[in-house]
Amino acid sequence: EKGGYEYFMLKEIVEQPRAVADTLLGRVAVDGTLTLDEMRLAPQELRQISKIVIIACGTSYHAGLIAKYAIEHWCRIPCEVEVASEFRYRDPILDRQTLVIAISQSGESMDTLMATRYAREQQSRVLAICNVNGSTIPRESDGVLYTHAGPEVGVAATKTFLTQLVACYLVGLYLAQVRGLKFGDEINTIIGQLARMPEQVEKVLSTVEPVRELARSLADAKTVLFLGRHVGYPVAMEGALKLKELAYMHAEAFAAGELKHGPIALIEDGLPVVVVVPSREGRSVLHDKIVSNIQEIRARGARTIVIAEEGDESVRPYSDTLIEIPAVPTLLQPIVATVPLQVFACELALAKGNDVDQPRNLAKSVTVE
Ligand code: BG6
């Protein structure tokens with residue numbers, strides 16, 4: 001059932017275009033109208049929401065962080081994101097107008113389940129985003145939007161993450177739709193681009209061979225740093241988490257703007273630093289700032305591994321390795337930018353001889369708090 005691959009994870013990475021397509025299937029009409037009636041939350045309720053709180057663990061938490069950028073920008077609803085294990089222990093402010101979104105691919109993580117129960121006790125509505133039909137978290141929630149990644153065997157999440165992103169985008173766009181926000185050109189463009197994501201992911205997969213070579217060359221590195229800004233920051237966090245989980249290597253992500261407030265002291269000769277460069281569309285200020293960051297760290301000896309959209313020549317002179325991804329709207333960039341990082345961590349772990357399906361000490365879903 002590994003489809004000719006040595007590990008499920010390798011198969012699950014290449015299944016991502018289909019996983020993304022299946023998660024979009026039947027939900028986006030040709031005219032851009034979204035149909036998410038299956039969520040079981042009435043448009044009337046969704047119109048009354050004054051705040052959104054996203055709770056999740058691990059990789060699902062990173063999907064939540066990305067969702068915040070999209071939801072706040074498209075819907076203008078304040079949105080907080082918190083790791084589920086912290087949530088209920090700090091007396092969070094919840095009420096009937098708060099929509100809690102619980103993201104869990106397995107639907108069984110105990111931390112997320114306990115946070116879900118707590119939120120419902122506080123009268124909040126809970127929407128689950130989940131990959132496993134009929135699992136506990138969706139059963140205990142008010143509504144659910146299923147991702148259609150298919151079964152994921154590898155312990156470290158890959159295709160479920162990409163489909164969680166799709167689900168989060170769909171929820172954000174749907175909220176904007178039912179709340180009657182003016183669907184300007186930007187939203188229509190986004191929906192059109194979202195529908196094209198399966199082919200964009202396919203394109204990334206067809207160009208990742210150099211990432212594998214790079215990963216093999218770094219098998220002896222002690223640590224790898226990841227930098228990103230805006231939605232690229234949670235992508236950097238996901239890249240670092242994958243490396244820890246699979247390669248048992250120290251890795252840390254920073255918001256690129258924070259570099260000067262401390263982490264730049266870590267930069268020394270030969271230190272690998274992966275930088276996720278924001279797309280140039282609409283947010284060129286951020287783009288330019290991160291290009292200066294790359295220059296700064298390289299001047300201090302870092303080995304720069306730069307993930308940037310194709311045709312972005314501005315980063316080339318400062319990149320020891322340049323990994324190109326398709327040009328897509330900034331908010332959707334995590335879907336394409338994450339893929340090379342998955343491949344990077346997986347290949348590096350394989351070079352070290354690790355079992356990437358069953359990393360040591362980890363479980364697919366953790367059912368204790
Ligand atoms: C961890 C897994 O135990 O649980 C991670 O090792 C996963 O890969 C995390 O991201 C959260 O799981 P779930 O099922 O709640 O999304």
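Hi everyone, this short talk is about one cavity and the cysteines in this structure. What we have here is a predicted model, where local features need pLDDT of at least 70 and side-chain atom pairs count only at pLDDT 80 or more, while totals for chains, interfaces and linings use all residues. Residues are numbered from 1 along each chain as its sequence is written, and side-chain values use heavy atoms, with hydrogens and water left out.

Let's start with the cavity. On a 1 Å grid over the protein atoms alone, a cavity is a set of points where a 1.4 Å probe fits but cannot get out, and lining residues have an atom within 4 Å of a point. The structure holds one cavity of 30 Å³ or more. Its volume, the space filled by probe spheres set on the points, is about 40 Å³.

Who lines this largest cavity? Leu214, Val274, Ile305, Ile307, Ile323, Pro340, Leu341 and Phe344 do. Two elements give two or more residues each: strand E9 (303-309) and helix H14 (333-351). H14 provides the largest share, three residues. In character, the lining has eight nonpolar residues (Ala, Val, Leu, Ile, Met, Phe, Trp, Tyr, Cys and Pro count as such), no polar and no charged ones.

Now the cysteines. A disulfide is a covalent bond between the sulfur atoms of two cysteines. Here, a pair of sulfurs within 2.5 Å counts as one, and the search of the whole structure finds zero. For Cys75, the nearest cysteine sulfur, that of Cys79, is 8.9 Å away. Cys75 is buried (under 20% relative accessible area), at 3%. Cys168 is buried too, at 5%. Why no bond for Cys168? Because its closest cysteine sulfur, in Cys79, is 8.9 Å away, too far for a bond.

How values were computed: 1 Å grid on protein atoms, 1.4 Å probe; cavity = no way out; pocket = protein on both sides within 12 Å on 5 of 7 lines; lining within 4 Å. Helix = DSSP H or I, 4+ residues; strand = E, 2+ residues; numbered from the N terminus. Buried < 20%, exposed > 50% of the residue type's maximum accessible area, 1.4 Å probe, protein only.
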